[in-house]
Amino acid sequence: MNIKFETLIYALSRHFKKDIISADCQTMPLQGGTVGNVHLVNGIAETADGKKMPYRIVLKIQKKWERYNDPDSWRREYDLYMSDLGTTFSDTFRWPTCYHAEMNAEENEFQLWLEYIDGVTGLDLTGDMYEEAALELGRYQGKLYAEKPAVLQSLTNLSHADLMKNTYLHYRSWPVVYDYIRSEDCEFPQHMRQMLIDIDEHADEILARIEQLPLVLCHRDFWVTNLIYADGKIALIDWDTCGWGYMGEDLASLIADEADIDHMVEYYQRCVPAYYKGFSEYADASPIADNCVFELILLMFGYRLVEWYLHTEDDDEKTKCLHTLQKIHEMKTSPAQG
């Protein structure tokens with residue numbers, strides 16, 4: 001890939017807070033966002049006073065693409081990094097530092113030069129790390145909800161509060177998944193089918209309850225692959241779905257989005273109280289008797305799991321979808337303890 005030498009030198013000077021005069025580099029692709037092109041750039045940088053310093057830095061190149069019901073999401077991460085949102089984070093909950101951001105309007109493409117954070121991520125996260133992530137998320141959202149910093153009003157490119165609801169309604173109106181769980185050909189156990197049918201029948205009432213919850217700034221892609229745990233702190237990558245949402249939305253993703261299936265019920269029981277504990281440090285969460293996290297999980301992931309099941313030929317993947325739905329069903333009878 002072609003890297004502009006001047007841009008690399010500028011980003012490294014910001015990274016080291018020193019005057020960098022030259023650097024060599026190698027690149028390797030990293031697992032990145034859905035459509036982002038993410039590379040680890042590494043090599044040796046040389047300072048003006050002759051010091052040689054090894055470095056690792058991330059280059060993310062994002063081209064324009066369309067997400068259902070959210071047209072400007074492709075450029076949202078660039079817009080957020082160009083805003084003052086970074087001032088709202090803490091030492092223990094933050095995004096990677098951005099050393100340089102560049103938009104190419106003609107190409108409908110942007111570049112971000114970002115801090116590389118070496119830590120535990122994905123399915124290597126432990127139960128303690130899940131709980132810490134839930135606690136820090138609660139603190140972050142509670143603090144912003146209570147303090148309402150001016151920067152939040154200045155953010156023009158955020159996903160809308162009804163994105164979760166509209167996505168569920170979109171799935172529910174799709175005959176492929178809606179009709180399948182009601183058909184004689186459905187291979188799901190009856191109790192799983194009934195769980196999905198029940199949520200449909202009570203959706204209006206459930207959504208009305210969810211809409212009584214505090215409206216908070218959500219990451220909206222808060223799953224294990226976007227979390228990096230390092231030195232007791234949480235870093236969060238891929239902010240292109242960020243926007244206004246309801247308390248507990250991000251927590252639902254942490255627990256159910258391609259998560260550690262064998263421990264889902266345990267993590268549900270541990271993370272919900274941790275999240276509310278963190279939120280309560282800044283804002284009064286006591287009136288919220290019904291946290292709706294179970295309902296959010298079903299609304300956000302129920303039909304998605306049906307879709308994944310129907311669209312894979314892989315028997316192991318099909319089994320995984322069923323196993324996940326079974327664990328969600330078990331959550332209903334194993335409520336989170338406060």
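User: Let me start with a single side chain. Is E136 buried or exposed?

Analyst: Keep in mind that this is a predicted model. Buried here means under 20% relative accessible area. E136 has 4% relative accessibility, so E136 counts as buried. You'll find E136 in helix α3, which covers residues 127-147.

User: Which residues does E136 touch, not counting those up to four places away in sequence?

Analyst: E136 touches T92, F93 and I234. Hang on to F93, as F93 also belongs to a cluster linked by ring pairs, together with Y81, F89, W95, Y140 and W239.

User: Okay, ring pairs. How do I read one of those?

Analyst: A pair of aromatic rings is described by two things, the distance of the centres and the angle of the planes. This structure holds 15 aromatic pairs. Take Y171 and W174, a tilted pair with 6.2 Å centre to centre and 50° between the planes. Y171 is buried because its relative accessibility is 13%, while W174, at 30%, counts as partly exposed.

User: Which charged residues lie over the face of a ring?

Analyst: One of them is R182, over the face of Y178 at 3.5 Å from the ring centre. Another is K318, which lies over the face of Y309 at 4.4 Å from the ring centre.

User: Next up, strands. What should I look for when strands pair?

Analyst: Strands of a sheet pair through backbone hydrogen bonds, either parallel or antiparallel. For an antiparallel case, look at β3 (residues 37-47) and β4 (residues 52-63), which pair over 10 bridges. I44 has P54 in β4 as its bridge partner. β3 and β4 make a hairpin with four residues between them, and G50 in the turn has a positive phi of about 90°. β4 also pairs in the antiparallel sense with β7 (residues 109-115), over seven bridges. There, I61 has Q111 in β7 as its bridge partner.

User: And which strands run parallel?

Analyst: β5 and β11 run parallel, joined by two bridges. R94 has A235 in β11 as its bridge partner. These strands belong to an open sheet of four strands with mixed pairing, in the order β5-β11-β10-β8. β5 (93-94) and β8 (120-121) stand at the edges with a single partner strand each, so one side of each has no neighbour in the sheet.

User: You mentioned a positive phi at G50. Which residues have a positive phi although they are not glycine?

Analyst: Most residues other than glycine have a negative phi. R220 has a positive phi of about 70° and sits in the loop between β9 (215-218) and β10 (227-230). D231 has a positive phi of about 55°, and lies in the loop between β10 and β11 (233-236). Their surroundings are worth checking too: R220 counts as buried at 12% relative accessibility, whereas D231 counts as exposed at 74%. You can add E258, just after α9, with a positive phi of about 45°.

User: How many residues of helix α9 are buried?

Analyst: Eight of the eight residues of α9 (residues 249-256) are buried, so the helix is largely enclosed by the rest of the structure. Polar or charged names appear in that list as well as nonpolar ones; among the buried residues are E249, D250, S253, L251 and I255.

User: Which residues have the most contacts inside the largest nonpolar core?

Analyst: That core has 97 residues, and those with the most contacts inside it are L85, I210, L251, I255, I297, I328 and M331. Helix α11 (residues 293-310) gives the most to this core, with 12 residues. I297 makes a handy place to zoom in: leaving aside neighbours within four places in sequence, I297 is in contact with A252, I255, A256, Y268, G302, I328 and M331. Apart from that core lies another one, of 16 residues, including I9, L12, Y55 and I61.

User: Last one. What does the UniProt record annotate at residues 106-260?

Analyst: The unreviewed UniProt entry gives "domain: Aminoglycoside phosphotransferase" for residues 106-260. In the model, that span is 44% helix and 16% strand, and its end C-alpha atoms lie 42 Å apart.

Key
Residues are numbered from 1 along each chain as its sequence is written. This is a predicted model: local features need pLDDT of at least 70, side-chain atom pairs count only at pLDDT 80 or more; totals for chains, interfaces and linings use all residues. Side-chain values use heavy atoms; hydrogens and water are left out. UniProt positions are given in the numbering used here, feature names are shortened, and annotations may be inferred rather than shown by experiment. Rings of Phe, Tyr and Trp (its six-membered ring) pair if their centres lie within 6.5 Å; planes under 30 degrees apart count as stacked, over 60 as edge-to-face and the rest as tilted. Buried means under 20% relative accessible area, exposed over 50%, partly exposed in between (1.4 Å probe, protein chains only). A charge sits over a ring if NZ of Lys or CZ of Arg is within 6 Å of the ring centre and within 35 degrees of the ring normal. Contact means heavy atoms within 4.5 Å. A nonpolar core is a set of buried Ala, Val, Leu, Ile, Met, Phe, Trp, Tyr and Cys residues joined through side-chain atoms within 4.5 Å. Two strands pair if DSSP finds at least two bridges between them.
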